[in-house]
Amino acid sequence: MRKLDNKDQQIIRTLQRHGRMTNQDLAAEVNLSPSPCLRRLKLLEQSGVITGYSANINAEAYGLPVTVFVHVKLESHTEVVVKKFEADIARVDQVLECFVMTGASDYLLRVIVADLSDYENFVRRTLHSIGSIASIDSSFVYGVVKKTNVFPMTH
C-alpha cells in the first residue's frame, strides 16, 4: 500500500465528512484542479485505501435506537472455536462491528436493537446458539458525546 501524503489525507477527510460531494467541489475544498483530484481519488480507490461509500443513518429513525457494546469471552481459543465464532458473528445483522480484543474479553461487539426485549432475543437466540461462549458482558449506550468517521491527520 502506498504512503499517503497530506493531500491524500485532505481528500479522504473531506470525503469522510461529505461523501456525496462532486469531484469539482472536492477539488476546490482541497485546493487542487479537478483532473489531478480525480486521478488521486481513483488511485485511493484502486489501492484499497478507500474501501467504499455509504450513508450515515439515524438508527433511532430507522427503528433501532438501542446500541449495546458486548464483551464476549470464549470458553477456549482453539482454531475451530475461534473460526466458528468469527464466521457466525460475521453473519449476524445486529452486529455492526466486531473487534478482536486484548484484555479481559476476547471480542467487543457493537450491536443495535429495537429495545431491551429485542436484545434479550438477540442474546438468547443468536449469541447463545453460536456456542463456546464463556461470558457475555453488556453495556448499554444512553448518550453519545462524540461520533465521527473522520480520521485525524497523521502529519
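How much space lies in the largest pocket? I looked this up first and got about 1600 Å³. For my own record, a pocket is an open set of points on a 1 Å grid over the protein atoms alone, where a 1.4 Å probe fits, with protein on both sides within 12 Å along at least five of seven lines. The volume is the space filled by probe spheres set on the points, which are joined across faces, edges and corners.

A note on the source: this is a predicted model, where local features need pLDDT of at least 70, side-chain atom pairs count only at pLDDT 80 or more, and totals for chains, interfaces and linings use all residues. Residues are numbered from 1 along each chain as its sequence is written, and side-chain values use heavy atoms, without hydrogens and water.

Next I listed the lining (residues with an atom within 4 Å of a point). There are 41 lining residues, and Ser54, Asn56, Lys147, Thr148 and Asn149 are the closest to the pocket's centre. I sorted the lining into 21 nonpolar, 13 polar and seven charged residues; here Ala, Val, Leu, Ile, Met, Phe, Trp, Tyr, Cys and Pro are nonpolar, Asp, Glu, Lys and Arg charged, and the others, Gly among them, polar. Helix H1 (6-17) supplies at least two lining residues, as does strand S1 (66-74); H1 gives the most, with six. Helices (H or I, at least four residues) and strands (E, at least two) are DSSP runs, numbered from the N terminus.

Then I turned to backbone angles. Most residues other than glycine have a negative phi. Asn31, in the loop between H2 (23-29) and H3 (34-46), has a positive phi near 60 degrees.
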